[in-house]
Amino acid sequence: MVQIKACLFDLDGVIVDTAKYHYIAWKELAQELGFDFTEEDNERLKGVSRMRSLDILLEIGNKSLSEQEKLHYADKKNVNYVSYIQKMEEDEILPGVKEFLTSLRANGIKIALGSASKNAPLILNQIGLTSYFDEIVDGNSVSKAKPDPEVFTKGANLLNVTAEECVVFEDAVAGIEAAKAGGMYCIGVGEEETLSEADFVIKGFDEMSLDRLKF
Ligand code: G6P
Ligand code: MG
């Protein structure tokens with residue numbers, strides 16, 4: 001049996017449902033650029049970095065922009081997105097998450113964040129979870145986006161644990177690929193059909209307990 005010493009959490013879609021705010025902000029940008037952006041399109045942006053998300057959006061709208069214009073619009077979308085997340089409160093933490101984090105801490109299991117978002121510190125602060133995390137690795141501190149394992153490998157290094165001693169929680173296919181590429185056990189959060197590359201899948205943290213970390 002492997003002794004699990006750390007849990008690494010993705011943020012968007014695992015701890016909070018920020019996808020809905022990303023969706024509104026991208027949709028508003030698409031409309032400004034003269035095309036529509038659907039909820040189904042938004043699925044393609046989960047776990048994907050801000051600039052790559054913009055590229056996908058432009059591909060959907062069949063638009064091409066200069067690098068400078070892209071930076072301008074990515075920034076504009078972010079200002080809009082931040083206006084939504086600045087209103088987030090503790091009640092937006094997904095069911096069971098806080099209880100699970102509390103039980104990890106009580107049992108000496110280390111906790112790190114492994115998110116592609118540059119807004120991760122702001123979101124954790126808004127929902128009052130910052131102090132639960134021993135380390136935060138986010139879009140400001142990695143150079144390679146998921147599915148590259150950098151975000152999780154860096155987290156494990158900061159926590160002083162090996163890949164085999166970590167469990168990653170992820171809702172995005174790219175994130176699961178990142179965890180597996182880093183040699184880590186990965187629990188998918190969401191739908192079994194979409195997250196089939198994960199070692200096992202839970203619908204939410206209400207289903208999670210420390211016992212499920214023994215394998
Ligand atoms: C997460 C989300 C993505 C988002 C990315 C960057 O991975 O799932 O949808 O594009 O973070 O977020 P940011 O807050 O830096 O724009
Ligand atoms: Mg996610």
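Helices (H or I, at least four residues) and strands (E, at least two) are DSSP runs, numbered from the N terminus, and N160 is placed by them in the loop between α7 and β4 (166-170). This is a predicted model, in which local features need pLDDT of at least 70, side-chain atom pairs count only at pLDDT 80 or more, and totals for chains, interfaces and linings use all residues. Residues are numbered from 1 along each chain as its sequence is written, chains are lettered from A and ligands numbered from 1 in the order in which they are written, and side-chain values use heavy atoms, with hydrogens and water left out.

N160 is not a glycine, yet it has a positive phi, and N62, also not a glycine, has a positive phi too. N62 sits in the loop between α3 (50-61) and α4 (67-85). The table sets out their angles and accessibility, where exposed means over 50% relative accessible area, buried under 20% and partly exposed in between (1.4 Å probe, protein chains only).

| Residue | Phi | Relative accessible area |
|---|---|---|
| N62 | about 55° | 73%, exposed |
| N160 | about 65° | 68%, exposed |

In the loop between β3 and α7 (150-159) lies P147, and the peptide bond that leads to P147 from K146 is cis, with omega near 15°.

The magnesium ion (ligand 2) has as protein donors D10 (OD), D12 (O) and D171 (OD), which lie 2.0 to 2.1 Å from it. Donors are N, O and S atoms within 2.8 Å of the metal (3.2 Å for Na, K and Ca), and water is not among the atoms, so sites may look incomplete. Of these residues, D10 and D12 are both buried.
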